[in-house]
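Here are a few exercises to help you find your way around a new structure. Try each task yourself before reading the solution.

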Amino acid sequence: MSNRAASLLRNVLFAAVATSMVSTVALPAPDYGEDILSFDMWCLEMQLYPMTRCDSRRPGDVKDYQQYRTAVEQYQQERANRAKREQSLKQRLDRDPLNAKRDPLAKPAG
């Protein structure tokens with residue numbers, strides 16, 4: 001292997017190791033508590049209905065809004081659950097020997 005190829009390989013390996021070290025840093029869990037639009041905002045901004053229709057709150061519009069709200073709440077819950085699972089998996093796979101309390105191979109103190 002030529003010096004140039006060896007140097008390139010060394011740089012690529014260094015970049016890969018550096019990237020993997022950065023990716024194992026514990027990041028705070030993202031906040032998925034996005035606000036759900038109120039009926040009025042949903043009606044005016046998402047459905048683009050006129051104000052008079054939104055003010056009248058037709059039963060069909062209210063039913064459609066409830067379906068929207070249920071779908072958004074379900075999606076937010078699924079995102080939060082997925083984020084918790086990913087954080088838990090990252091913590092279990094963290095093999096940093098300097099962090100003995102999370103090191104699954106460390107001997108118990110005492």
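This is a predicted model, and from the N terminus on, its elements run α-α-α-α.

**Exercise 1: Get the overview**

Work out how many helices and strands the protein has, and what share of its residues is buried.

*Solution.* Start with the elements: you should find 4 helices and 0 strands. Next, go through the residues. There are 110 of them, and 13% count as buried. Now turn to the surface: the accessible area comes to about 9,300 Å², with 58% of that belonging to carbon and sulfur atoms. Finally, look at the contacts with a separation of 6 or more: residues 24 or more positions apart account for 39% of these.

**Exercise 2: Look along a helix**

Find the buried residues of helix α2 and say how they are arranged around its axis.

*Solution.* First, locate α2, which covers residues 39-46; Phe39, Trp42 and Cys43 are buried there. Then look down the axis of α2: its buried residues fall within an arc of 95 degrees, so they line one face of the helix. Now ask what they pack against. The partners of these buried residues are α3 (51-56) and α4 (59-93). One last stop: just after α2, you'll meet Leu48, which takes a positive phi of about 60 degrees.

**Exercise 3: Track down the disulfide**

Search the whole structure for disulfides, then describe what you find.

*Solution.* The search turns up 1 disulfide. Its partners are Cys43 and Cys54, with their sulfur atoms 1.9 Å apart; the cut-off for a disulfide is within 2.5 Å, so the pair counts. The pair links distant parts of the chain: Cys43 sits in helix α2 and Cys54 in helix α3, 11 residues apart. Next, check the twist: the link of Cys43 and Cys54 has -90 degrees about the S-S bond and is left-handed. Are the two cysteines buried or exposed? Buried means under 20% relative accessible area. Cys43 has 0%, so Cys43 is buried, and Cys54 has 1%, so Cys54 is buried too.

**Exercise 4: Place an aspartate**

Decide whether Asp61 is buried or exposed, and list the residues that Asp61 touches, leaving out those up to four places away in sequence.

*Solution.* Begin with the location: Asp61 lies in helix α4. Its relative accessible area is 3%, so Asp61 is buried. Then collect its contacts, skipping residues up to four places away in sequence: Asp61 touches Phe39, Trp42, Tyr49 and Arg53. You've already met two of these names, since Phe39 and Trp42 are buried residues of α2.

Technical notes
Residues numbered from 1 in each chain as written. Predicted model: local features only at pLDDT ≥ 70, side-chain atom pairs only at ≥ 80, totals over all residues. Heavy atoms only, no water. Buried < 20%, exposed > 50% of the residue type's maximum accessible area, 1.4 Å probe, protein only. Helix = DSSP H or I, 4+ residues; strand = E, 2+ residues; numbered from the N terminus. Arc of directions from axis to C-beta. Contact = heavy atoms within 4.5 Å. Areas by Shrake-Rupley, 256 points an atom, 1.4 Å probe, with all protein chains shown as cover.
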